Amino acid sequence: MLVLALVAGGLAAWHYDVLDRFRGTDDAVAGPADPATVAPPTGVEVPEVGAPAPVAARSPRGGVDAAAVEAALAPYLRDRDLGRHLLVEVAPLTGARAAFTSGRGTAMPASTTKVVTTTAALLALGPDHVFTTEVRASGNRVALVGGGDPYLERGPAELDGSPWPYPVRADLETLAQATAEALRAEGRRRVRLVVDDSAFTGPAENPTWEDGYVSSGEAAPTSALWVDQGRVRSGLGRVADPALEAGTSFAQALAAAGVTVVGAPTRGVLAGAPVVASIDSPPLRQIVERALEVSDNDASEVLLRHVGVAVGGEGSIEAGRAGVRTVLRRAGVDLGASELYDGSGLSRQNRLDPSVLVDVLRLAASDDHPGLRPVVTGLPVAGFTGSLTDRMTEGPSAGLGRVRAKTGTLSSVSSLAGLATDVDGTVLVFALMADRVSLEKGLDARVVMDAAAAALGACACAS
């Protein structure tokens with residue numbers, strides 16, 4: 001049942017299911033053993049394993065009491081720290097339209113934009129889709145071909161006591177080893193390397209972004225080929241040309257694997273040349289979860305380009321924007337007057353009606369679209385995971401663990417969009433958006449908005 005998935009999934013899966021999925025062993029493929037069937041060590045006595053009680057009551061089918069929702073939110077919505085432009089929508093998970101609305105029009109969504117982008121990517125590509133980085137070879141020329149893997153890294157993760165990475169990344173060292181083996185088998189030990197990032201087109205930096213996003217490390221120039229999301233090897237900031245940086249890293253890895261790269265990598269395309277090695281990204285469902293949990297700007301911008309490729313055959317910003325609108329409309333969500341200029345929410349020109357966020361979340365949580373469930377499971381859990389780990393601590397305490405939401409923060413902007421399971425077990429879908437917060441009240445506004453969302457989790461809102 002969704003109530004259990006929302007609450008229990010946020011608490012238990014974070015610590016257990018994530019590890020089981022990525023240990024890479026035969027046991028992980030077959031599924032973990034039933035703990036009740038595992039004998040304790042010799043000399044240890046343990047109690048019988050009992051079935052746990054539900055973490056929440058079964059969700060009632062009578063709907064949502066609009067008056068109860070309004071009463072729960074009222075003390076917070078009146079707070080002047082939220083500024084002069086506040087939009088709110090709260091709706092039941094299924095059935096009737098909004099139970100409560102406040103304000104009109106659209107607002108700057110900030111990073112709640114990622115809910116829309118990731119949902120569109122899943123609709124366009126499917127949850128099991130992977131992005132493949134290839135190596136093609138022709139004579140003494142080798143091409144590293146970017147497939148738009150947002151999490152491609154230089155080398156495999158070194159798990160020196162640190163938690164398992166989620167999701168497990170593809171890496172250039174592993175790809176170089178496979179490439180070197182294939183080249184040596186054909187007697188090739190000296191090659192020239194080109195990098196091919198032609199899967200994405202148009203400007204690498206969104207023209208509607210504020211100056212300084214790249215230099216400050218807020219985002220990288222979006223590329224179909226990069227390592228470590230275009231980050232510099234030390235310090236802050238991003239490299240100017242992520243594809244060539246990836247080529248340099250690959251050349252070093254090839255040299256370590258016994259193949260000499262002559263000269264520096266350059267741009268080029270070996271169209272039609274055979275593939276000698278390749279490596280796949282994690283499946284899209286895991287990429288979506290990660291992007292939402294930590295509010296990953298770079299992955300979101302890459303996913304926007306992939307929507308453009310899937311829907312319009314072009315990996316540009318404009319094709320991505322058009323593709324998002326198209327796939328959502330096909331799924332029954334009309335953006336109407338809303339306008340999105342990027343995939344991450346960094347653009348201050350973005351405008352969203354709160355009803356769009358609510359409709360997208362209802363779609364993602366519906367039984368009719370199980371492939372969209374990573375949008376729900378990727379939402380941070382209040383007080384426990386991701387960008388909500390240290391938030392919602394000053395509002396109603398009953399909201400902790402009961403709210404899953406995507407955060408959105410820019411200067412003068414604070415937003416939240418997600419799902420709250422109230423004390424009756426009623427699942428509420430909500431969007432809270434304030435985009436005229438005074439600069440000195442930014443943190444205060446965030447606290448008030450957190451408290452409003454927590455109040456929905458603490459509400460007895462069943463009709």
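Colleague: Are C459 and C461 buried or exposed in this model?
Modeller: Both C459 and C461 are buried. Keep in mind that the model is predicted. Buried here takes under 20% relative accessible area.

Colleague: What makes C459 and C461 a disulfide?
Modeller: Their sulfur atoms sit 1.7 Å apart, and the cut-off is within 2.5 Å, so the pair counts as a disulfide. The structure holds one disulfide. Its link is right-handed, with 100° about the S-S bond.

Colleague: OK, on to helices. Why is helix 5 called roughly perpendicular to helix 10?
Modeller: Helix 5 (residues 113–125) and helix 10 (residues 317–330) pack at about 70°. Angles of 65 to 115 degrees count as roughly perpendicular, so that is what we call this pair. Their axes are 9 Å apart.

Colleague: Which residues of helix 5 and helix 10 meet?
Modeller: From helix 5 you get V116, T119, A120, L123 and A124, and they meet V324, V327 and L328 of helix 10. By class, that contact has seven nonpolar residues, one polar and no charged ones.

Colleague: Now the sheet with order 2-1-11-10-9: what makes strand 2 and strand 9 its edge strands?
Modeller: Strand 2 (100–102) and strand 9 (403–410) each pair on one side only. The sheet is open, with five strands and antiparallel pairing.

Colleague: How do you know that strand 1 and strand 2 pair?
Modeller: Pairing takes at least two bridges, and strand 1 (residues 86–92) and strand 2 have three, so they pair, in the antiparallel sense. V88 stands opposite S102 in strand 2.

Methods
Residues are numbered from 1 along each chain as its sequence is written. This is a predicted model: local features need pLDDT of at least 70, side-chain atom pairs count only at pLDDT 80 or more; totals for chains, interfaces and linings use all residues. Side-chain values use heavy atoms; hydrogens and water are left out. Buried means under 20% relative accessible area, exposed over 50%, partly exposed in between (1.4 Å probe, protein chains only). Axes are lines fitted to C-alpha atoms, for helices over the stretch in contact, and angles run from 0 to 180 degrees between N-to-C directions. Helices (H or I, at least four residues) and strands (E, at least two) are DSSP runs, numbered from the N terminus. Angles under 35 degrees count as roughly parallel, over 145 as roughly antiparallel, 65 to 115 as roughly perpendicular and the rest as oblique. Contact means heavy atoms within 4.5 Å. Ala, Val, Leu, Ile, Met, Phe, Trp, Tyr, Cys and Pro count as nonpolar, Asp, Glu, Lys and Arg as charged, and the others, Gly among them, as polar.
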